[in-house]
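I opened this notebook page to look up how the strands pair and where the cysteines are linked. The structure comes first, and my entries follow.

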Amino acid sequence: MANGRLRLWIGTGLMLAGLVSASAQEPAADPNRIPDPIEGIWQTQELSEVTIAPCPAGFCGTLSAIVVPREGLTEEEYAAAQAMPVESFTDVRNPDPTLRSRPMLGLQILTLLPSSKPNVYDGEIYNPQDGNIYAGYVEMLGPDLMRLNGCVLYNLICQGQDWVRVIPEPVVEGQ
């Protein structure tokens, strides 16, 4: 948590997080499987994108597009971030020094499991701004809207952020 708000935006190379790679191969996709409502690409309030897909731990959300917001950065930090390719952003705020050189793009920031409540997924949220993992949950507010809630103090204090589903552009053949 930063400045009293859950912050899951991606800032400069000084406040970036890294990649958790999946070394195990996924089984072949079942063409008859109905996707879970949480699956898909979600746009954060700061316009970055997180892709949520099934994984061995339940559902995992990884950073799939990074937009550097102006808010909270000095002019120098913002200019430096704009000059860097997103592939060079790393997890320099991670408390574990061995993880600070991991790339940001592809970073797993969510690990979720369906809860006993309908349309709610419990789990953990990695906050790249401070390098900490928080308890949290995601609530589906509609088919294309979710609220991500990060919590502290045994889930007594939670702060949320609404994310919207990224609807893919239709593919037009012959163009």
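Before reading the sheet, I noted that two strands pair if DSSP finds at least two bridges between them. I also kept in mind that this is a predicted model.

Entry on strands. I looked up strand β8 (residues 157–165) and found that two bridges join it to strand β1 (residues 40–43), the two running antiparallel. Within this pairing I saw that Gln43 of β1 has Val164 in β8 as its bridge partner. I then turned to strand β7 (residues 145–152), which eight bridges join to β8, again in an antiparallel arrangement. Here I noted that Val152 stands opposite Ile157 in β8.

Entry on disulfides. I counted two disulfides, and, with bonded cysteines counted along the chain, they follow the pattern 1-2, 3-4. For Cys55 and Cys60 I read a distance of 2.0 Å between the sulfur atoms, and the link is right-handed, with 65° about the S-S bond. For Cys151 and Cys158 I also read 2.0 Å between the sulfur atoms, and this link is right-handed too, with 110° about the S-S bond.

Entry on exposure. I asked which of the cysteines Cys151 and Cys158 is buried and which is partly exposed. Cys151 counts as buried because its relative accessibility is 3%, under the 20% limit, whereas Cys158, at 31%, is partly exposed. In the other link, Cys55 is buried with a relative accessible area of 17%, and Cys60 is buried as well, with 10%.

Note on methods. Residues numbered from 1 in each chain as written. Predicted model: local features only at pLDDT ≥ 70, side-chain atom pairs only at ≥ 80, totals over all residues. Heavy atoms only, no water. Helix = DSSP H or I, 4+ residues; strand = E, 2+ residues; numbered from the N terminus. Disulfide = S-S within 2.5 Å. Buried < 20%, exposed > 50% of the residue type's maximum accessible area, 1.4 Å probe, protein only.
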